[in-house]
Amino acid sequence: MRLRNVKHAKELIEKNSHIVIKKPNEYKGLWNKLFNNSNPVELEIGCGKGKFIVDKATLDKNINFIGIEKFDSVIVRGIEKLLEKPLDNVKLIRIDAENIETIFKKSEVNTIYLNFSDPWPKNRHAKKRLTSKKYLDRYSNILVNNGEIRVKTDNYNLFEFSMMSFINHNKYIIEEINLDLYKNLPKDNVQTEFEMKFVEKGNRIYYLKAIYKGESHEKTV
Ligand SMILES: C[S@@+](CC[C@H](N)C(=O)[O-])C[C@H]1O[C@@H](n2cnc3c(N)ncnc32)[C@H](O)[C@@H]1O
């Protein structure tokens, strides 16, 4: 079933409020209550059609996964996957990540995945990149101390921009950088939809893991 039609997408979202949370700001500070456990919360921002978040939730039932996507017409593909394979430990939210601080309170999130984020190649759009300072500030208001941000992309310019953005931010340190993830692929790597396409085309995949160091961290570089 292909649902490009936005009207149908809206209907499907409306009908499946157990999957796509209708008023996510009402759960700010209460996500563990919604999941009915005290497990860590992990987000994929820009989850697209949901393959990664659904596969992660299938593999690790002790983590609460939330996929965030700004387009109705894309998030419906995630709903379809979860209707086929219901999972208690994954929810979807249809918002622009600009508003992420209205949905999660400080220290409510353990890990953020930024997989193949839109590169916004023009300089005048740099602020829209999900690893710009503006976004790193927002993430610092929802991550737990020592929480992680994991970035995967095939776009070297975005990767370089992201590295610099973390290096220049006084609340993050980069713990891991991999300039060719598939050269020695970690066993626990979960492929995203875009990753599958890019790997098939032979594109190199870049990866980094940054740690949020909270208020107390002082940069020496
Ligand atoms: C290139 S796709 C990657 C999808 C998926 N992560 C993957 O790797 O297959 C980027 C997705 O991020 C979504 N996105 C971009 N900016 C966003 C934002 N500010 N808030 C929420 N979603 C966003 C887009 O709508 C798109 O579905």
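## Domain interface and ligand site

Across the interface of domain 1 and domain 2, 1 salt bridge is found. The model behind this report is predicted.

The domain assignment splits the chain into domain 1, made of residues 1–25 + 36–50 + 57–99, and domain 2, residues 106–221. Domain 1 contributes 14 residues to the contact, and domain 2 contributes 16 residues. Taken over C-alpha atoms, the centres of domain 1 and domain 2 are 21 Å apart.

**The interface**

Domain 1 and domain 2 bury about 1,200 Å² between them, and carbon and sulfur atoms account for 51% of that area. Three residues, L43, I45 and E98, provide 41% of the area that domain 1 buries against domain 2, which is more than any other three residues.

A salt bridge joins the side chains of K81 and E193, with an N to O distance of 3.0 Å. The pair qualifies because a side-chain nitrogen of Lys or Arg has to lie within 4 Å of a carboxyl oxygen of Asp or Glu. Between domain 1 and domain 2, 9 residue pairs are in polar contact, counting pairs with both residues at pLDDT 80 or more. On the side of domain 1 that touches domain 2, strand β1 (residues 41–45) gives the largest share, with 5 residues. By class, this side of domain 1 holds 6 nonpolar, 2 polar and 6 charged residues.

**The ligand**

The ligand is surrounded by 19 residues, of which the closest are G46, E69, A97, T192 and F194. The table lists polar atom pairs between the ligand and the protein.

| Residue | Protein atom | Ligand atom | Distance |
|---|---|---|---|
| D96 | side-chain N or O | nitrogen | 3.0 Å |
| N115 | backbone N or O | nitrogen | 3.0 Å |
| F194 | polar backbone atom | oxygen | 2.9 Å |

For D96 the protein atom belongs to the side chain, whereas N115 offers a backbone N or O atom. F194 also uses a polar backbone atom, here with an oxygen atom of the ligand.

**Helix α7**

Two of the residues listed as closest to the ligand, T192 and F194, also take part in a contact at the start of helix α7 (residues 193–201). There, a side-chain oxygen of T192 comes within 3.4 Å of the backbone nitrogen of F194. E193, the residue that meets K81 in the salt bridge, falls within the bounds of helix α7, residues 193–201. After α7 comes G202, which has a positive phi near 90 degrees.

Technical notes: Residues numbered from 1 in each chain as written. Predicted model: local features only at pLDDT ≥ 70, side-chain atom pairs only at ≥ 80, totals over all residues. Heavy atoms only, no water. Domains from an automatic or database assignment. Contact = heavy atoms within 4.5 Å. Buried area = accessible area lost by both parts, 1.4 Å probe. Polar contact = N/O pair within 3.5 Å; in protein donor to acceptor, adjacent residues only side chain to side chain. Helix = DSSP H or I, 4+ residues; strand = E, 2+ residues; numbered from the N terminus. Nonpolar A, V, L, I, M, F, W, Y, C, P; charged D, E, K, R; others polar. Near = heavy atom within 4 Å.
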